[in-house]
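Here are some notes for anyone opening this structure for the first time. Have the model up on screen as you read.

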Amino acid sequence: MGSAMSKSLTLTVNGEPRVIALDDPRVTLLDLLRERLGLTGTKKGCDRGQCGACTVLVDGRRVNSCLALAVSLDGAAVTTIEGLAQGDALHPVQAAFIDHDGFQCGFCTPGQIMSAVGLIREAQTGDDPERVREAMSGNLCRCGAYIGITEAVLDAQARMRGEAA
């Protein structure tokens, strides 16, 4: 494709405004993040929207970045796993995943954490572990760390409300 087909895209990625020239309108947000912006924390699992390893937040909402065309997100704010911590201070969800062994191999962990951050923001589950499991069901863990993941989400939710951990 020639430069005449190039489209300029403006995104705010982890708080930083970015202007990106897209030569191919078919590039996914996942590939843009990993290959063009070097943000490799977001993982490519199934590349079909079924595993959740690629979950990021777009304007605060959980999105499977492998299914989102970058060109359709002009003007959006994207938060990836790299954008959660504040310097050396982990986000409460990251800290809770460590405290509750919410991961084993770690491949799905960035997507799990981003999904958990979005889920807590949605405030739909309360303190019900079953509702948390249901709301996180789009994120698969081949190692089976689901008990730790659920405990981490509930703990992080409490921390973010200012309750004692």
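The points below go through the open and enclosed spaces, a surface patch and the salt bridges.

1. One thing to keep in mind: this is a predicted model. Every value here is computed from it.

2. Start with the largest pocket, which holds about 170 Å³ of space. Its lining is made up of G45, C51, A53, C105, F107, C108, L140, C141, R142 and C143. By type, that lining splits into eight nonpolar residues, one polar and one charged.

3. What about enclosed space? The count comes to one cavity of 30 Å³ or more, and the largest cavity has a volume of about 30 Å³. Around that cavity you'll find K43, G45, C46, D47, G49, C51, G52, A53, C54 and C66. Here the split is five nonpolar, three polar and two charged. Flip between the two linings and you'll see G45, C51 and A53 in the pocket list and again in the cavity list.

4. On the surface, L90, I98 and F103 make a nonpolar patch of about 260 Å². I98 belongs to helix α2, which covers residues 92–99. With a relative accessible area of 46%, I98 is partly exposed.

5. Now for the charged pairs: searching the whole structure turns up nine salt bridges. One of them joins the side chains of R159 and D99, at 2.5 Å from N to O. This pair links distant parts of the chain, with R159 in helix α5 (residues 146–160) and D99 in helix α2, 60 residues apart. R159 counts as partly exposed, at 23% relative accessibility.

6. Next, look at R161 and D127, whose side chains meet in a salt bridge of 3.2 Å, N to O. R161 sits in the segment after α5, while D127 is in the loop between α3 (109–122) and α4 (129–135), so the pair ties together parts that lie 34 residues apart in sequence. Are the two partners buried or exposed? R161 is partly exposed, with a relative accessible area of 42%, and D127 is exposed, at 51%.

7. Helix α4 has a salt bridge within it: E130 pairs with R133, and their closest N and O atoms are 3.0 Å apart. The two are three residues apart in the helix, so about one helical turn separates them. Both count as partly exposed, E130 at 47% relative accessibility and R133 at 39%.

8. Finally, D31, K44 and D47 are joined into one network by salt bridges that share partners. D47 is worth a second look here, as it also helps line the largest cavity.

Technical notes. Residues are numbered from 1 along each chain as its sequence is written. This is a predicted model: local features need pLDDT of at least 70, side-chain atom pairs count only at pLDDT 80 or more; totals for chains, interfaces and linings use all residues. Side-chain values use heavy atoms; hydrogens and water are left out. On a 1 Å grid over the protein atoms alone, a cavity is a set of points where a 1.4 Å probe fits but cannot get out, and a pocket is an open set with protein on both sides within 12 Å along at least five of seven lines; lining residues have an atom within 4 Å of a point. Grid points are joined across faces, edges and corners, and a volume is the space filled by probe spheres set on the points. Ala, Val, Leu, Ile, Met, Phe, Trp, Tyr, Cys and Pro count as nonpolar, Asp, Glu, Lys and Arg as charged, and the others, Gly among them, as polar. Patches are made of residues with over 30% relative accessible area and no salt bridge: like charges are joined within 9 Å, nonpolar side chains (Val, Leu, Ile, Met, Phe, Trp, Tyr) within 5 Å. Accessible areas come from the Shrake-Rupley method with a 1.4 Å probe; for residues, only the protein chains shown count as cover. A salt bridge is a side-chain nitrogen of Lys or Arg within 4 Å of a carboxyl oxygen of Asp or Glu. Helices (H or I, at least four residues) and strands (E, at least two) are DSSP runs, numbered from the N terminus. Buried means under 20% relative accessible area, exposed over 50%, partly exposed in between (1.4 Å probe, protein chains only).
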